[in-house]
Amino acid sequence: MGMLMRSRTIAATFTALALGMTAACGGGSGGASTGALTAKGPIQVWLSNNPEEIAWGKAMVASWNAANPNELVTAQEIPAGKTSEEVIGASITAGNAPCLVFNTSPAAVPQFQKQGGLVALDGFDGGAAYIQARTGTAADQYKSTDGKFYQIPWKSNPVMILYNKDVMTAAGVDPENPPLATYDQFLATSRKVVSSGAAQAAIWPAPTSEFFQPWFDFYPLYAAETGGTQLIKDGKATFNSDAGAKVDNFWATMYSEGLAPKEKYSADSFADKKAAMAIVGPWAIAVYGKDIKWGVVPVPTSTGKSADQIYTFSDAKNIAVYTACKNQGTAWSVLKFATSTEQDGKLLEMTGQMPLRKDLATTYPDYFAQHPEYKTFADQASRTVEVPNVSNSVAIWQQFRDEYSSAVIFGKTSVADALSKSADKATQLAGQP
Amino acid sequence: MATDLETVDAARPPSLRSRLTALLGRQPLGLLFAGPYMVFLAALFAYPLGLAVWISFHRYFFAAPGAQVDRPFVGLTNYQTVLSDPAVRKSFLNVGEFLVINVPLTVVLALVLATALNSVVHLRSFLRTSYYIPYVTASVALVAVWLFLFSQDGMVNHLLGPAAPKPSWLVNSGLAMPVIALFVTWKQLGFFILLYLAALQGVSKELYEAASIDGAGRVRSFLSITVPGVRPVTTLVLILATITGANLFTEPYLLTNGGGPDGASTSPVFVMYQRGIEQGNPDVAAAIGVILVVVVLLISLIYRRVLERD
C-alpha cells in the first residue's frame, strides 16, 4: 500500500511538472504590438518618487492637460519596488508599462531595449534631430549600439565633492579653500579630519555590493582622471590602465587607513556629521543646505587638474517611450513639451537638477544669478560621462563592483589582478547579446 | 458454480460505476474538497517549477508581450555557466556554512527550550509568546535591531571593548555568515518550539514515571524518552529549517548589504535575484534554482533515511 501510494505521489509530481513545462513551452513570443507612432489620445506617465520631482511633474501635467483636453495625461509615482528598474522591467514583461517614465536609468536602457519594451525615438518625426539640438554632442553617449535613441537625455546630477565647512575648520583645514584637488592632498586632508576627531570618517561612500555603487566612488574619479572616458569604449573595457589603477589605489588607501569606513552607515553620514565630505549631485543642496555650511569642489585627480578640465559621472535620469503605449504620438508630444525650454527651466527651479541641454548656464542666466550655489554644478554639468550604453550593462557593473570590493574595499586581492580580471569579463559581456 | 460466476464476472466489461470508482476513488466527494488546494498547488508550485525547469534549458529573458524573441533550446549551457561561475559556487558554500550552523542549533535549542517550556508552570503563555514574537515580526525590522547590536559602533562591540573583533562582525569574512545563521536561528526558533511543544504532548508521562522509578535522571530521561519520542517532528524541523535556510535572501540583502563582505554572505537565492532580476538573465537564475531544489531534496531524503530507519 505504501509502495503504491509513493508511486502515485511520484507519478502525480511528474505529471504536474510535465504540465507546468508544457504550459511553459506554450508561452513566450508573439507579434510585437508597438502601437502607432502617430496615434493620439490619453496616456499615462510615471514620475520619480521624490517630492520635488512629483511637484514638478504634476505642474507639468496640469499645464499640458489644460491645453490638450483631448489628449489627457495621467501621472503617478513609479510603483514601489526594490528599485525603479525592477518595477519598470516587470511592467514591460507584464505589458502594462506606461507611455513615459520620467526616471529611466541609462544603465537599464539596453535591458529594456532587449526586452522589446522601448520605442526608438528616431521613428518620430524629427526625433533624433530634436534630441541632438537640445543636448548637443553629449547626446551621442545615449545612443544605443544600433545607432538609435531609445531614451532622451533629460537631467543630470553631476557628482562632486560636497564638504562640511564646520568640520573642516574643526580639523584645522581652511574651509574656504580645502586642499582636495590631488589624491595626495585629499588623503592628507582626510587624515587631518579623522585624526583630529572632527568627524568619524573623511568621506563615507556606500561600501556595499550593489551594481550601481561604482557610480559614486570609482567612476567619477575615473572620468576625471581620464578626461571623460567611459568604462567601455568600442566594445572594450578601458579601465585596466594606469588611470584605473591610480583611482583604485587612491580608494584602497582611503579604506585601508580607515578614512572611509568599510561598513555601511545606516542613515545619512553627511547629514549626521559623521563624515566631513560626501560625493553627491546638486540635489544635495536642497537636502543639506539649511543645516550644514557646505562648500563644493570637483572630484580629485592624481595631478590636480583645474576645475574646467574635470569630468565626472552624470548620474542622469532620462525619459523613454514604452512599447505598451497605444497613443505614442501623444507620448512624443508630451515628451517634447516636458523637455521644452520652459519646462526645463521649471525643473531646474523646482528640483535643482540640471536639464541635459547644451549651454545650460546661458539658457537660464537669471536662475544662476539668483542661485549662485548651483553655478558650480551647472558648470560641471557640461563635462559629464554616462554609463556605457552596451548590452549586459548591469552584469558588467556588478562584476566590476565585486572585483573592486575584493581588492579596494577589503584588500583581499591585488588591484592589478582585479582590474585585469574585471576588464576581461567586461569586454566579454559587452560582446554578448 | 462459483467458479462459473467468477469466470463470467471476469469476462464482463467493467461497469460505468466501477470505472468511475477506479478513476475517482471510493469517496469522490474528497476530490471536491481537495480540488481547490490541488489547483493552488498546480498554479503556484507545479507550474512555476515546471516553467523554471523549462527556462533553465533555454536561452530565455523576460520580454514584452508580443515581442518577437528567439528562445532556443540550449541544453545544459545554463548549467555549465552556473557551475563555472565562482560567485555561484561560493554562494552554495556560504549557504552550506549557514546550514551547518543554523540547522543543528535550531534543532537543539528548539527541543531543549520546548522541553523546558513544557515543564514550567508559571508564565508559560508569556514565555511562549516571547519566543514566538521574532518569528512573526518582519525581518526588515529585526535586521535594524541586529544592526544596532552588531555594527562597528554597535552595542556588542561597546560591551566587548578591546575584545571586539576586527574587522567588525558584519564586515568580517569569517563572522558575517555565522552572525546571519545566529540571527535566523533566533528569528525562527519560536515556530520550531511550537512544533516540539505539540509533539511533547504525545509523549506518555508514564514513560517518565517508569524511568524515574528505574532511577533515571533528567538528562537520561531527556535522551532516552524525549528525543526518541519526538523523532518524527525532529525530521520535520530538520527539513523545514533546511528549506528555510536554503532560501536565505533577506538577511544577506539587508544585514550584510548585498552578500558582503566580499561575497562572504551571498546565498544562491541572492545570486538568483542578481542574475535573474537585476541583470535580466532568468535562464541562468532558473538553473541555479533547479540545482538548489535538487540539493535540498537530496538533503531531505538523507534526513529521512537517517532518522526514520525504524
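**Why the terms apply: strands, contacts and backbone angles**

User: Which residue is the bridge partner of A:Ile203 in S9(A)?
Analyst: In S9(A), A:Ile203 has A:Met277 as its bridge partner. This is a predicted model, in which local features need pLDDT of at least 70, side-chain atom pairs count only at pLDDT 80 or more, and totals for chains, interfaces and linings use all residues. Residues are numbered from 1 along each chain as its sequence is written, while chains are lettered from A and ligands numbered from 1 in the order in which they are written.

User: What makes strand S6 of chain A and S9(A) a pair?
Analyst: Strands pair if DSSP finds at least two bridges between them. Two bridges join S6 (residues 201–203) to S9(A), and these strands run parallel, so the condition is met. Strand S5 (residues 160–164) of chain A is joined to S9(A) by four bridges, in antiparallel fashion, so this is also a pair. One of the residues involved is A:Ile161, whose bridge partner in S9(A) is A:Ile279.

User: Why is S9(A) described as largely enclosed?
Analyst: Six of the six residues of S9(A) (residues 275–280) are buried, so the strand is largely enclosed by the rest of the structure.

User: Why is A:Asp315 called buried?
Analyst: A residue is buried if 20 or more other C-beta atoms, placed from the backbone, lie within 10 Å of its own (exposed if 12 or fewer, partly exposed in between). A:Asp315 has 26 other C-beta atoms within 10 Å and is therefore buried. A:Asp315 lies in the loop between strand S11 (312–313) and strand S12 (317–321) of chain A.

User: What makes the phi of A:Asp315 notable?
Analyst: Most residues other than glycine have a negative phi. A:Asp315 is not a glycine, yet its phi is positive, about 50°. A:Asn392 likewise has a positive phi, near 60°, and is buried, with 22 other C-beta atoms within 10 Å.

User: How do you know that chains A and B touch, and what counts as a contact?
Analyst: Two residues are in contact if their C-beta atoms, placed from the backbone, lie within 7 Å. By that criterion, 38 residues of chain B are in contact with 43 residues of chain A. H3(B) (28–56) and H14(B) (268–278) each supply at least two residues of the side of chain B that touches chain A, and H3(B) gives the most, with eight residues.

User: Which peptide bond in chain B is cis?
Analyst: The bond joining B:Lys166 and B:Pro167 is cis, with omega about -5°. B:Pro167 is in the loop between helix H8 (155–160) and helix H9 (176–200) of chain B.
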